[in-house]
Amino acid sequence: MNYRHEFHAGNAADVFKHVVLLQLLRRLQLKPAPLCYVDTHAGRGRYALDHGGAVRSREFQRGIARLWPARGAADLPPEVADYLARVAELNTSGALATYPGSPRLVRSVLRPDDRMILCELQPAEAAALRDEFSVRTEHGPRRDPQVAVHQRDGYEALAALLPPTPRRGLVLIDPPYERPDEFAAALAGVELARRRWPQACTALWYPIKGPLAATLLHAAVLRSGLRDVLCVELRTRPEDPAVLSGSGLLLAGAPWQTDTVLGALLPRLATLLAEDEFPGDARVDWLVPP
């Protein structure tokens, strides 16, 4: 994939990823102990939907724009309503003009003792991320004390920064899949994160463009020796190697009952986001049991 996220912000894959990410955090927060969120490929905090790359691609029309009119509906799944409420915090006029990246979405639900560590290699994106989590004062910018931003390679950061404090938490590995070896590098990142921080849940996002890449990734997980890996996927189009038909998340060490919650939620979300005559499809099962 040639991946600049401004073109894809708010698409169906983003919606899926962010609904699941929010539920992982909510389930971790059922316990009062503080947590730490680590993002290896953070991007920027927010994306404009009314100009720039998003307007040229219009991908958000197949994602967040399908759900936006339903916010506040009584029959909306509460998990989707929770997600839409977070998006609405950036769109107070009611018009859908801004979409939160994962860092902004996560920051919106952090408790006072929670923290997050964000890694972004691209200089412009890292600078935007620092601006997102700084407050301008008469004495200059003051950074958000709960947020640490690192301009560095996310895979290398896993070895350097894990385990963080607090000792509970969540790692998101969400690479752009531009490198030929990205699937292998991402899986190696999951293995490293599990070794260095076994108390945390590690989530790996991957695109689905035809069946081959995801199948090979799953086979590599089975060979890896990883345990406790939940596979969740959502498809909104028929499988086609030429287009992104869906995306998935591998959740290693997911919070208790995540499989039950997502098993009830994702089929409904697939129906809400499905395109044309395709009915939508969701998968929630244990690739490797606990």
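**Entry 1: cavities**

I searched this predicted model for enclosed space and found one cavity of 30 Å³ or more. I noted the volume of the largest cavity as about 40 Å³.

Next I asked which residues line the largest cavity. The lining consists of L187, V190, T202, A203, L204, V221, L226, V229, L250 and A252. I then looked up which elements give two or more residues to this lining, and these are α8 (182–196), β9 (201–208) and β11 (246–252). The element that gives the most is β9, with three residues.

I also sorted the lining of the largest cavity by class. I recorded nine nonpolar residues, one polar residue and no charged residue.

**Entry 2: strand β11**

I turned to β11, one of the elements noted for the cavity lining. How many of the residues of β11 are buried? I found that seven of its seven residues are buried, and I entered the strand as mostly covered.

I then checked the directions in which the residues of β11 point. G246, G248, L250 and A252 point one way, while S247, L249 and L251 point the other way. Both sets are buried. Of these residues, L250 and A252 had already appeared in my list for the largest cavity.

I looked up the strands that pair with β11. Strand β9 runs antiparallel to β11 and is joined to it by seven bridges. Within this pairing I noted P207, whose bridge partner in β11 is S247. Strand β10 (residues 229–235) also pairs with β11 in the antiparallel sense, over seven bridges. Here I noted L230, whose bridge partner in β11 is L251.

**Entry 3: the loop after β11**

I followed the chain to A254, which lies in the loop between β11 and α10 (258–273). Is A254 buried or exposed? Its relative accessible area is 14%, so I entered A254 as buried; the cut-off for buried is under 20%.

I also compared A254 with E156. The two are 98 residues apart in sequence, and their C-alpha atoms are 23 Å apart in space.

**Entry 4: aromatic rings**

I searched the whole structure for aromatic pairs and found two. One that I examined is formed by Y177 and F183, whose ring centres are 4.8 Å apart. Their planes meet at 50 degrees, so I recorded the pair as tilted.

I looked up the accessibility of both partners. Y177 has 4% relative accessibility and therefore counts as buried. F183 has 24% and therefore counts as partly exposed.

Which residues do the ring pairs link into a cluster? I found Y177, F183 and W205 in this cluster.

**Entry 5: charges over rings**

I stayed with W205 and looked for a charge at its ring. K17 lies over the face of W205, at 5.8 Å from the ring centre. I made a further note on W68: the charged end of R71 sits over its ring, 4.0 Å from the centre.

**Entry 6: cis peptide bonds**

I looked up peptide bonds in the cis form. The bond from L162 to P163 is cis, with omega near -5 degrees. I located P163 in the loop between α7 (154–161) and β8 (169–173). A cis peptide bond also joins T165 and P166, with omega at about 0 degrees. I placed P166 in the loop between α7 and β8 as well.

**Entry 7: positive phi**

I looked for residues other than glycine that have a positive phi. I returned to Y177, which is not a glycine and yet has a positive phi of about 55 degrees. I located Y177 in the loop between β8 and α8.

I noted D228 too, where phi is near 60 degrees, a positive value in a residue other than glycine. Where is D228 found? I placed it in the loop between α9 (212–224) and β10. The relative accessibility of D228 is 18%, so I entered this residue as buried.

Technical notes: Residues numbered from 1 in each chain as written. Predicted model: local features only at pLDDT ≥ 70, side-chain atom pairs only at ≥ 80, totals over all residues. Heavy atoms only, no water. 1 Å grid on protein atoms, 1.4 Å probe; cavity = no way out; pocket = protein on both sides within 12 Å on 5 of 7 lines; lining within 4 Å. Points joined across faces, edges and corners; volume = space filled by probe spheres on them. Helix = DSSP H or I, 4+ residues; strand = E, 2+ residues; numbered from the N terminus. Nonpolar A, V, L, I, M, F, W, Y, C, P; charged D, E, K, R; others polar. Phe/Tyr/Trp six-rings, centres within 6.5 Å; stacked < 30°, edge-to-face > 60°. Buried < 20%, exposed > 50% of the residue type's maximum accessible area, 1.4 Å probe, protein only. Lys NZ or Arg CZ within 6 Å of the ring centre and 35° of its normal. Pairing = 2+ DSSP bridges.
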